[in-house]
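Q: Could you take a close look at one part of this protein for me? I'd like to see what sits around one residue in the middle of things, and then how that spot fits into the rest.

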Amino acid sequence: MIKHKEQRVGILVDVSNMYHSARNLYGKKVNFKEILLKAVAGRKLIRATAYAIRTENQEELPFAEALEQQGFEVKMKDLQIFAGGAKKADWDVGLAIDAIKLADKLDVIIIVSGDGDYLPAVTYIQNNKGCLVEIMAFRKTCSSKLIEGADDFIDLSASQRFLISKGKPLNQKINKK
């Protein structure tokens, strides 16, 4: 896909999806700063939003602050705990609605997630809003239908720069390979 510096881009990050993908595939954390740089790719960044979950003990607050320092607006939602102990935490609908609302002001929407539930929003935005949609995710945990439906797919597995060893602080860079 051709990318040019005049394109207005919005980046929407499903933090939970990325966190679990990186942890399950590599035993590491996600380097969101590098993802933001790769996503922007020299274009005009209009909005970067990270969708995260607030737990009972709020241990994620330093992480949310680090995301804000890197240029993300952070939207938090409380973890739901049901009577039987089941837990639910996702931003799928909120992220999809924000993508649709932002599409009129952007040329490109970049969804950082491999969740196939975003496919209807992707096709709606492409067909009704005239916006290009890029997906950034780890190929092994990304829906093949989502990859096929996107105008461009960036495989985060292609470079170690998108990962951070668990012990490193969020704002520390890792070696590029």
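A: Let's start with I11: leaving aside residues up to four places away in sequence, I11 touches L36, A39, V40, L45, R47, A48, T49, I110 and V112. Keep in mind that this is a predicted model.

Several of those partners, L36, A39 and V40, are also among the buried residues of helix α2, which spans residues 32-40. The others buried in α2 are F32, E34 and I35. Just after α2 comes A41, and its phi is positive, near 50°.

Now zoom out a bit. I11 belongs to the largest nonpolar core, a set of 28 residues, and together with V13 it touches the most other members. At least two residues of this core come from each of β1 (8-14), α1 (15-26), α2, β3 (44-54), α3 (61-69) and β7 (108-112). Helix α2 gives the largest share, with 5 residues. There's another core apart from this one, made of 23 residues, including W91, A103, I109 and C131.

As for the whole protein, you're looking at 6 helices and 10 strands. Of its 177 residues, 44% are buried. If you take contacts between residues at least 6 apart in sequence, 68% of them join residues at least 24 apart. On the outside, the protein exposes about 9200 Å², and 48% of that is supplied by carbon and sulfur atoms.

Notes: Residues are numbered from 1 along each chain as its sequence is written. This is a predicted model: local features need pLDDT of at least 70, side-chain atom pairs count only at pLDDT 80 or more; totals for chains, interfaces and linings use all residues. Side-chain values use heavy atoms; hydrogens and water are left out. Buried means under 20% relative accessible area, exposed over 50%, partly exposed in between (1.4 Å probe, protein chains only). Helices (H or I, at least four residues) and strands (E, at least two) are DSSP runs, numbered from the N terminus. A nonpolar core is a set of buried Ala, Val, Leu, Ile, Met, Phe, Trp, Tyr and Cys residues joined through side-chain atoms within 4.5 Å. Contact means heavy atoms within 4.5 Å. Accessible areas come from the Shrake-Rupley method with a 1.4 Å probe; for residues, only the protein chains shown count as cover.
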